[in-house]
Amino acid sequence: MLKYIIKRILLLIPILLGVSAIIFILKTVTPGDPARQILGNSATEEQVQEKREELGLNDPVIVQYVRYIKNIVTKGDFGDSYRTGEPVLSEILPRLRTSGIITIGAVAIGAIIGIILGIISALKKYTWVDSLVLVISMFFQSVPEFVVALVLIMIFAVNLHLLPATGITSAKGFILPMLCIGLSSVASYTRITRSSMLEVLGEDYIRTARAKGQTENNITYHHALRNAMIPVAQSIGTSLGNSIGGGMVIETVFGVPGVGKYIVDSITQRNYPSVLGGALIIAIVLTLINLIVDISFVLIDPRLKTTIIASGAKKPKAKAA
Amino acid sequence: MKMKKVLGLALASVMTISMAAAAFAEEGGLAGANCDPANTEKTEESITIAFGSEPSTLYGPATGNTENESQMIASVLTDNLVAYNAQTGEIEPQLATAWEWVDDTHCRFTLRDDVTMTDGSPLVADDVVYSAKIWRDQNATNETGSIFTDTADAVADDEHTVTLEFTSNAPDIIRMLTWSQYGIVSEEEVEAAGGLEEVGKKPLVGSGPYKFVSWTNGQNVIVERNEEYWNPDYAGYFKQIVFTFTADPAARIMAVQSGDADVAYAVPTAQASTFAANDAVKVVNYTFDQVNHLWFNMGENAGATADQKVREAIDKALDYDAITAVGSAGLCTPALGYFVPGNTYYNEVYTAEERAVDIDGAKALLAEAGYADGLTLRALGLSDIEPVYVVMQANLAQAGITLELDMPDTAQFVQQSAGGDYDLIVVGEYAAARFPSLFIFFQNAYTFCIGGPKWTTDEINAQIHDFIFEEDAETAKELGKAFEETMKESTIQTNLFPAVNSAVINPELKGFNTLERGFMDPSGFYK
Amino acid sequence: MAKMHTPAMEKIEKKNRKRKKPVNSTPAYEAWKRFRRNKTAIIGLVVVGILILIAIFAPLIAPYDYTMQDYTAMMQAPSKAHLFGTDAYGRDIFSRVIYGTRYSLIIALFCTIAALFSGGLLGIIAGYFGGRVDTIIMRIMDIFQAIPMIMMAMCIVSVLGNGIPQLVAAVMFASMPTMARNNRAAILRVRGSDYIESSEAIGVGQVEMILKHMIPNAAGVMIIFFVGFLAVSIMMMSSMSYIGVGLAAPTPEWGLILNDGKAYITSAPYMMFFPALMIMITCFAFNLMGDGLRDAFDPKSK
């Protein structure tokens, strides 16, 4: 077990180096001169050259990359925002909390609705109920999240005055963003629950239980559900990580000060160090969360070791938006 | 009992007023700014003002930034030597009780002796001297510094008298000092905030009606009423002002509709106008002394627009009626001169016929210039007049010009506009009076705005100078006309339509006042 | 047991008789038969067919030029003259949405093909060669996977600038890991089967093997991802248009039309309704189709 965990942690190193390389490449192809960006247009050419020298922009690319990695590892330096001059790391850390809360809420909403719909459609397989569930869950997968968001704002904020339209000054502000992100993931949970339920219901021990004369309810809820939930739980675990950076659009619509909005704002402000530094931090956090999720699953059920290690493919398809 | 009656009466009158205002707005008129009597009440309430973009600094003069949002927020934190009364058009005392010209370039100000700054220390002449040095030294390449020479002096004559040296005693130079970037701060405050670099992030400076509380990046700026404010005539109705930043104007309006915000500022006029008949909100549209102009890049980095034929072709291809209809939501007519009709210096240099669309003429000119096969140009713009660019894009497409649009946030716009990477830009110039910085887009020393600034001639400079410094207003008007003719002949810029500012606000809100350039005054609101 | 003659039995017998006829029983045909039975999938297919027709015949269907601005007819509610109303520039929304079908579908198709040719190909190579090649490719994909798809796409576009090629490139890079994974899994499944092993034994060349044997047999699963990804890329484009990155005005892509209309959501909701409806219908159709395909090609995996 310990060996497995150590192996997983060691695997992180090449991944993180690779991610930082991608970000670094994007950084080097970014338009505009970083030195001039920092100094502004009123700076003279000499000042810009001086700043370039100071930033090490005249060094060979490989030297710059090594320094980039060194700064990250030794100083936690992911670059400074052009806009505020503050380190990107210290700007993004408080936002991770906000995004984290929304993600947990959204995954909970999506999973609960998805699991319920999935169970219903598995129990009523190939009936109109099954089709209806498919259509409902697919509806939320087919409407752009921000349209759902704007419609919900219209209903709950503009017309009913129940919830705030933007910002999260109170706990109420979290409700709509969570709901929007949650609804869009319902379809995938429904699908996983349904197929896993169908599979389990066909297994021998269920037949045995049935033969032993147990009630259908007892079979469904005690035997089938518990076993069918394993893949669902795994997918919940992985989407916890993946959704944190995926809320860019919803965070922007609702004016939520999370990491997604930070990236979007930085894009509109052409604040490239913040965009790329932010993306790198988010990638690192995601990778760590996925690692923790995987390890905790293995600790709970060592049989899962093979499936997780053999197939990163178990990760659900990354969602658009 | 009696109390209730009074309250009921007050409520009824509030409702009538707001209904009247709504009715006015329904007619689609230009209304709403500077028409309410002043507030006299203090409450514990808070107001939320939703801006479209977050400023990069809250004390622009320190870094030479003049973003709109930054100026509006700064205007409640600091006071100026003098103030402008929008109702009377007079310059009034603020921190200075009196001022007189000592000679052609020196003006002496007498300061109030009852003003305290944020740190509790009294306002003294040295504070003005310190502030003037910031205006001069940190702003050499922008308009703030344009009224001072590099060596301009600021001398404290005694504790409450200060003499400032200007470039000239141009007629309207003192009026410029009413602009929000000329707020007075003290050196101690700036040092306490961490120096000039830091003061933009934590502007606990000045003697204004509100004090800075916090700035949470990406979220809001909060200011609080200054309970020790020196001016007894001013009563801040709101204890707290929260400025929020939401890029999407639709989201800003929805925030007002839902009660989250009280003011959605800088909404495209066409968008605001669709709410005219909506009782849940009030629409404020107003013009101010500014025409939106289209400027061509004619500077060192200029591309095709360096060629006058291309500029003329653009001029001919544009549909000014459509641009105006979309840009002002039908509230204005196309501009026929550089100034706004009603301005003292207004001249009609174009006829309506000259503004007619002439696609064939445009194409012929482009062919002559060697662009028969088409041409791609890049335009830089601010999102609240994005619709205008979209119309221009369609107009120019007919003549074979592909227009690429770039609409960054305000801070980035200001940065980029100085860079010369773009071919076209729509910027209005605030031309209420003959400020010494008027026609700043032609003045080489200043970086703002592509097009004009990097391209000028001695003749043009002379014409501008004569116009600004002429003592007689009638003669000035004639001189102004001559200059406008020059611009027209060489197609240096083209006039689009009088700028309209629009906001969607809580219908209960009164006291929408404006500062210079049509900026909203956040401190004047009350219910 | 005596033969029963119920209508149901007759049906079964008919079917059995039909089956006895020599039919072309390729996997594709079997899949099609399964697909055909799936009503919701057929609805999806029909809708997609209609959308393709709309895209092809857009100039015949659209009553106006989609770029034509008419400031005498701005913001008109839906009427006979303007079925879906007009936008803030007096452009006919119906015409824009019709042309939007063309742009949105084609761009989505480009994105999907690009994704298939990059990530998909890598996945096939990894799956076929296995061993070290597989490890290297998939570890690289792990790296790409670490950045959320939409964030990756936005970062790339924000650096490269707006435009269709940039957008396609961004979507391609962002979707590479998912595409690689899925295609690798598809190939791995085929690889295990007997006929591949026997072909290998008789010495079929590697390229030929991939092209002639593996891809056709894994095609079913690949088509599922292909159709599914069309919906994903349409959604991704519209999200990016909302943020203001990706495509630039006046391209009549649905996301951009939607974004134009968003400003008037409270005062003129029809401006947003119709493009949103089109996005929804299209993604819905692709998703239904994808679901049907999954049942058809891969009955076990659903």
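A residue is called buried here if 20 or more other C-beta atoms lie within 10 Å of its own, with the C-beta atoms placed from the backbone. Keep that cut-off in mind as we walk through this predicted model, because α11 of chain C will put it to use: its buried residues are C:Trp254, C:Gly255, C:Leu256, C:Ile257, C:Leu258, C:Asn259, C:Asp260, C:Gly261 and C:Lys262.

Let us begin with chain C as a whole. Chain C has 12 helices and zero strands, so its pattern along the sequence is simply α-α-α-α-α-α-α-α-α-α-α-α. Of its 302 residues, 53% are buried. If you look at the contacts in chain C between residues at least 6 apart in sequence, 71% of them join residues at least 24 apart.

Now return to α11(C), which spans residues 254-262. This helix is mostly covered, with nine of its nine residues buried. What do the buried residues of α11(C) pack against? Within chain C, their partners are α5 (93-129), α10 and α12. From the other chains, α7 (145-159) of chain A and α7 of chain B also pack against them.

The pairing of α11(C) with α10(C) deserves a closer look. Two packed helices are described by the angle between their axes and the distance between the axes. For α10(C) and α11(C), the angle is about 40° and the axes are 8 Å apart. Their crossing is right-handed. On the α10(C) side you will find C:Met237, C:Ser238, C:Ser241 and C:Tyr242, which meet C:Trp254, C:Gly255, C:Leu256, C:Leu258 and C:Asn259 of α11(C). The residues of this contact divide into five nonpolar, four polar and no charged.

Stepping outward, we come to the contact of chain C with chain A. Here 42 residues from chain C and 45 residues from chain A take part. On the chain C side, α6 (131-145), α7 (149-160), α8 (164-191), α10 (206-243) and α12 (270-297) each supply at least two residues. That side of chain C has 28 nonpolar, eight polar and six charged residues.

Chain B touches chain C as well, with 21 residues of chain B in contact with 16 residues of chain C. The elements of chain B that give two or more residues are α7 (249-258), α8 (269-273), α10 (320-327), α12 (386-398) and β14 (401-406). Which of the elements gives the largest share of this side of chain B? That is α12(B), with six residues. By class, the side of chain B that touches chain C holds 15 nonpolar, four polar and two charged residues.

While you are in chain B, have a look at a hairpin. Strands β2 (residues 82-85) and β3 (residues 90-93) of chain B pair in the antiparallel sense over four bridges. B:Asn85 has B:Glu90 in β3(B) as its bridge partner. Four residues lie between the strands of this hairpin, and B:Gly89 takes a positive phi near 75°.

Finally, a word on confidence in chain A. Chain A averages a pLDDT of 83, and 93% of the residues score at least 70. Among the elements of chain A, helix α5 (residues 88-123) has the highest mean pLDDT (92), whereas helix α14 (residues 304-310) has the lowest (53). Over residues 309-321 of chain A the pLDDT is below 50, yet beyond near neighbours in sequence this stretch has 34 contacts in the model.

How values were computed: Residues numbered from 1 in each chain as written. Chains lettered and ligands numbered in written order. Predicted model: local features only at pLDDT ≥ 70, side-chain atom pairs only at ≥ 80, totals over all residues. Contact = placed C-beta atoms within 7 Å. Nonpolar A, V, L, I, M, F, W, Y, C, P; charged D, E, K, R; others polar. Axes fitted to C-alpha atoms, helices over the stretch in contact; angles between N-to-C directions. Left-handed = near helix turned anticlockwise from the far one by under 90°. Pairing = 2+ DSSP bridges. Buried ≥ 20, exposed ≤ 12 C-beta atoms within 10 Å, placed from the backbone. pLDDT = per-residue confidence, 0-100.
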